[in-house]
Each structure stands twice: as C-alpha cells, then as structure tokens.
Amino acid sequence: MSMKNVTLITQPSYITIDNGFVKLTISKPQGLVTAVKYAGVENILDLKSNELNRGYWDINWNLPGGHNRYQLLRGSEYTVINYSDNHLEVSFKSTYNPSIRGTRLLPLTFDIRYIVKSRVSGFYCYTICERFDNCPAFDLAQTRMVFTLHRDRFHYMAITDEKQRVMPMPDDLLPGRGKQLIVPESVLLVNPINPDLKGEVDDKYQYSMDNKDGGVHGWISSNPIIGFWIIFPSQEFRNGGPTKQNLTVHTGPACLAMFHGSHYIGNEMNARFEQGETWRKVLGPVFVYLNSTSDVSNAYNLWLDAKKQRLIQESLWPYDFANSQYYLTDKERGSVSGRLFVQDRFISSSLLPAKSAFIGLSAARTEGSWQLESKGYQFWVNTDSDGNFTIKNVVPGIYGLHGWIPGFVGDYLKQELITISQGSEIQMGNITYAPPRDGPTIWEIGFPDRTAQDYYVPDVNPMYVNKLFLNSPEKFRQYGLWDRYTDVNPKYDQVFTIGVSDPKKDWFFAHVDRYMIYLSI
C-alpha cells in the first residue's frame, strides 16, 4: 500500500478522515464515530445499530441523593486542533452553561478528541473533562467509550491468551433464543443461532479484567479477517488502581474502553463533587488498532500482533503528539524512586526486601483508600526482587505513596505526602512497611495476595456453564457459584479444622449465605 497523507473532508453534518489505512466518519459537531472503513470494508461498525450507538462516549451520573442518569456525550462545538500532512487532531466540545436551567443538565465540560496519524493503522481517542466553580454538586459513576462492531462479521473475541472464544449473536439474548436469569444481563442460551453455544450462559461481567492485567482486548472478524483492538498505553487515568476490575467486551459485539466505573464496588467508587468544586482530568488517549490478514490460518496472529502493538504504545507513553495543554509530555512530568522493605520481627530480625510489591502514587490520603479513588490519576509499578522501584511520568501534583505486598496483610502508606513538580526526580531512599500483627502467626488460611486462588472454587452447575472457564484459573467467574455453597453443604455449614483441612478443598472462596427450604406438613 502506498503511503497516504492524512486528509480531512468536511460536510455540513459530518467529517471524514483518511490516512490510507483507516477512514473515519464522525458526526459534526457531536463527535460520534459513525463509520470506520478498513481493509476494503466500507464500515466495520454495526450497520443495524443507530448511528448514535456505533462509536460513542457516555457517562452515568446523578445529583446528590438522586437517581442514576445515563447520557451520551455529544459535542456542540467542532474545531480542528492541529492539521498537517501526517497528523490531524479534531475536537468536539460541550461547555457547561449555568444559565441553562434544568436538573438534567450535566454539570461537566467535556472535550472529545480524535487523532489520526499517517502510516498508522488506527486512531487515538481521548476526552478532557473539566468542572469550573460555577458547577453544582454531582456524582460521576461511569465514563467509557464504546464501539459496536458489525454483528454479521465479528464473532470472536480475545482478552488474554487464555480468554478467547466465539461469542453469541445479539439476537441470542432475546426471548425465544435466550432465557433471562435472576442476575440482570445474564442470559441462558436455549436456542442460539450457533448451536455449539446452546446451554451456555452469556454474562458480560465474566469478561472483566483487573486494570493491572488488561491493556489490550478486542475482536476478530471473518470474511475478511480483521482485528479491532482497544489498547490502553497507560492505566494512570482509570479509577480504582491496579486491582479495579473493569469490563472489556460483551455480546453486541461491543468493545469497551472503561475509564471510570463502579462495577463490583458500588456507589463508594463514585467521584463525588461538591458545589463549586473544580476538577480537570484527561481520560486517555487510548489507541484503536486495526489489523488484518487474507489467510484464515493466520487469524490468531492478529491477536499476537495486537499484543506487540500494545508494547509499542506503552513505550511511546506519554505521547508527544496530543495537542492539549492539559495532556502532559514526559518533560512536563516527574518521577519517584526508592526501595521498599518489610519489617516483621516474627519472620526475620532483619529488614526484608519487598519483592514484587505493588507501589503507587494516588491522591488518596488513607491506607488502602486508593481502591476507591476516582478523581485523580494513579501511577503504579512493581518492585524488583530487591524492593527497588521507580515510578516514571507522574503528572505534577500532591500524592500519597501507597503499596501492598503479596504475602503480607495490610496496606502501606507513607506518612508524608509527596509533591511532584515538572522535571522532579525524587529519591525516597529506603522506606519500610510494618504489617499489622499482635504476635507470631499460629495458623493461617490461604495466602494474602488479594486473589482467591488458594481457596475452594466449586465446579459450576452444569445448567449454567460457560465453557471458557471450565478447568480455568478463573473458574470463579462462572455463573451461579453463590448457590453452590448450599449444594456442597446442604445441611450444615462448612467446618475447617486447622492442621487438617486444606483451603483448596475445604474453604469456600466467597462468603455467601446458605439458603434453606423449610416445608410445613
């Protein structure tokens, strides 16, 4: 393919951007991606979906004490930010106007941006969110970008090397083909279009990933064979830190970029803003990567290529081409280095290097509260085998230094706050975490690593199986396991005998209620 410069065509209600690899059609001034042309396919987005629901940003929010509100983010002002032969950035902005009265007016200014570069098989997306001192109080629960792909082409999803499968069709979730289960958005496939999926459960939450374990996910189509991937080059702009679980893909076929979310935790995760509280945060950029092959035997290689592309994008972070004063380059950021030790006199009289610990900077001010922090950026790394760490490319601000160490209970928080400024290289030296304990360990059940891998996870009820998680380390994601505790222990609660019982066999992985059926005769 000959290399083509980036071109922009402007029409009254939309624009088209073409770099020779990818051609985008975006509504103007709303900023909705209505078409993506790639590999000879005029539109790889879903033609059966309304143009509002093909490529879009949305938000869940509420006024204090009010009901949840769902809203598409649609710009009202279109601007070309930067345009050259090899680079184009466009903006679709909506500015909060306090003179417009109404309780349904989102008290947030947002600026949706798209970047297309020459010789790049994809495009970049990000949004700048701002609140000014004239904004009323509100709670932000969820912010994401969603792409609904061509339902007759994209059937295979991939999240990790192990989590890949053929997915149901959207019609499979409808009555007659699917049976709604007691958990919302969980459907038993009773008569799916693909008969191989009959008897399985479709549940979007089964495809969640920890932030620390994600980074790339997407779909592969057939006829032609195209890969559509969302790549997170950084996790810094996502809420909840490294262990926050976020949705990735689901039947639609939908591909999600989750930035703020309260799933699995609830309202405690919401970013709560007071009357007149100012705030600004750049969500992204994320990279939408497209690849293809003409050889069906090479379809899996599209996933391998997407993983390589993730590493490339991570190496480029922070990007030097996003044209906003609020998106900071590496020269405008700072770093923190140090060495983390564990002091536990019941294990060793000497300090122990905190091997493979998670350590990070967050605006949270109390131990462990980084898990609920949603307003600011978070920057996390793993220590090496000697406890050394360097946290690079930190946005200037005031942070708490947090951490947790596999094998030790509790959360570390350095007492003194850390101020990062442009170009700063802070050397912390040696820092020490003393885990909470009142004496030597007499016994323990499992291993404190914030997973359930050392406990008993039952087999799924055959009525509610997802074959992807059979014999999988993530079998805990199967539907209905909360009922399996009563199935395994129909009359009495489980008894665990120290020194005799095995946690992998005798300690149920989740604390659930037992249900009993009482009959009166």
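This report describes sheets, aromatic groups, cysteines and selected residues of one predicted model.

## The nine-stranded sheet

An open sheet is formed by 9 strands, and its pairing is antiparallel. The strand order is S7-S8-S9-S10-S24-S19-S18-S12-S13. Strand S7 (77-84) and strand S13 (164-166) are the edge strands, each of which pairs on one side only. On average, and with direction ignored, neighbouring strands of this sheet are turned by 20° against each other.

At the S13 edge, the partner is strand S12 (residues 154-158), which is joined to S13 by 3 bridges. These two strands run antiparallel. Within this pairing, Ala 158 has Gln 164 in S13 as its bridge partner.

## The three-stranded sheet

A sheet of 3 strands is also open, with the order S14-S15-S16 and antiparallel pairing. Its edge strands are strand S14 (178-180) and strand S16 (201-203), and each of them pairs on one side only. Here the average turn between neighbouring strands is 30°, direction ignored.

Strand S15 (residues 186-189) is connected to S16 by 3 bridges, and the two run antiparallel. Val 187 has Asp 202 in S16 as its bridge partner.

## Strand S27 and its two partners

Strand S27 (residues 358-362) is mostly covered, with 5 of its 5 residues buried. Phe 358, Gly 360 and Ser 362 point one way from the strand, while Ile 359 and Leu 361 point the other way. Residues on both sides of S27 are buried.

S27 is bridged to two strands. It is joined by 4 bridges to strand S28 (residues 379-382), in an antiparallel arrangement. A further pairing, with 5 bridges, links S27 to strand S30 (residues 397-404), and this one is antiparallel as well. Gly 360 takes part in both pairings: Trp 380 stands opposite this glycine in S28, and His 402 is its bridge partner in S30.

## Aromatic groups and charges over rings

The structure contains 34 aromatic pairs. One aromatic cluster is formed by Trp 57, Tyr 124, Tyr 126, Phe 232, Phe 237, Phe 259, Phe 287, Tyr 289, Trp 317, Tyr 319, Phe 321 and Tyr 327.

Phe 232, a member of this cluster, also has a charged residue over its face: Arg 238 lies there at 3.9 Å from the ring centre. A lysine is placed over another ring, with Lys 375 over the face of Phe 273 at 4.8 Å from the ring centre.

## Cysteines without disulfides

A disulfide is a covalent bond between the sulfur atoms of two cysteines. A search of the whole structure finds 0 disulfides, the cut-off for such a pair being a sulfur separation within 2.5 Å.

Why does Cys 125 form no bond with the closest cysteine sulfur? That sulfur belongs to Cys 255 and is 11 Å from the sulfur of Cys 125, which is too far for a bond. Cys 135 is likewise without a partner, because the closest cysteine sulfur, in Cys 129, is 12 Å away and therefore too far for a bond. Cys 125 is buried, with a relative accessible area of 0%. Cys 135 also counts as buried, at 0% relative accessibility.

## Selected loop residues

Asn 239 is placed in the loop between strand S19 (225-231) and strand S20 (245-246). Is Asn 239 buried or exposed? Its relative accessible area is 0%, so Asn 239 is buried. A polar atom of its side chain lies 3.0 Å from the backbone oxygen of Gly 261. Thr 248 lies in the loop between S20 and strand S21 (249-250). This threonine is buried, with a relative accessible area of 4%, and its side chain reaches the backbone oxygen of Tyr 207 at 2.5 Å.

Pro 462 is located in the loop between strand S33 (425-433) and helix H2 (481-488). With 71% relative accessibility, Pro 462 counts as exposed, the threshold for that class being over 50%. Its C-alpha atom is separated by 33 Å from that of Leu 304, a residue 158 residues apart from Pro 462 along the chain.

Notes:
Residues are numbered from 1 along each chain as its sequence is written. This is a predicted model: local features need pLDDT of at least 70, side-chain atom pairs count only at pLDDT 80 or more; totals for chains, interfaces and linings use all residues. Side-chain values use heavy atoms; hydrogens and water are left out. Two strands pair if DSSP finds at least two bridges between them. Axes are lines fitted to C-alpha atoms, for helices over the stretch in contact, and angles run from 0 to 180 degrees between N-to-C directions. Rings of Phe, Tyr and Trp (its six-membered ring) pair if their centres lie within 6.5 Å; planes under 30 degrees apart count as stacked, over 60 as edge-to-face and the rest as tilted. A charge sits over a ring if NZ of Lys or CZ of Arg is within 6 Å of the ring centre and within 35 degrees of the ring normal. Buried means under 20% relative accessible area, exposed over 50%, partly exposed in between (1.4 Å probe, protein chains only). A polar contact is a pair of N or O atoms within 3.5 Å; within protein, one must be able to donate a hydrogen and the other to accept it, and residues adjacent in sequence count only if both atoms are side-chain atoms.
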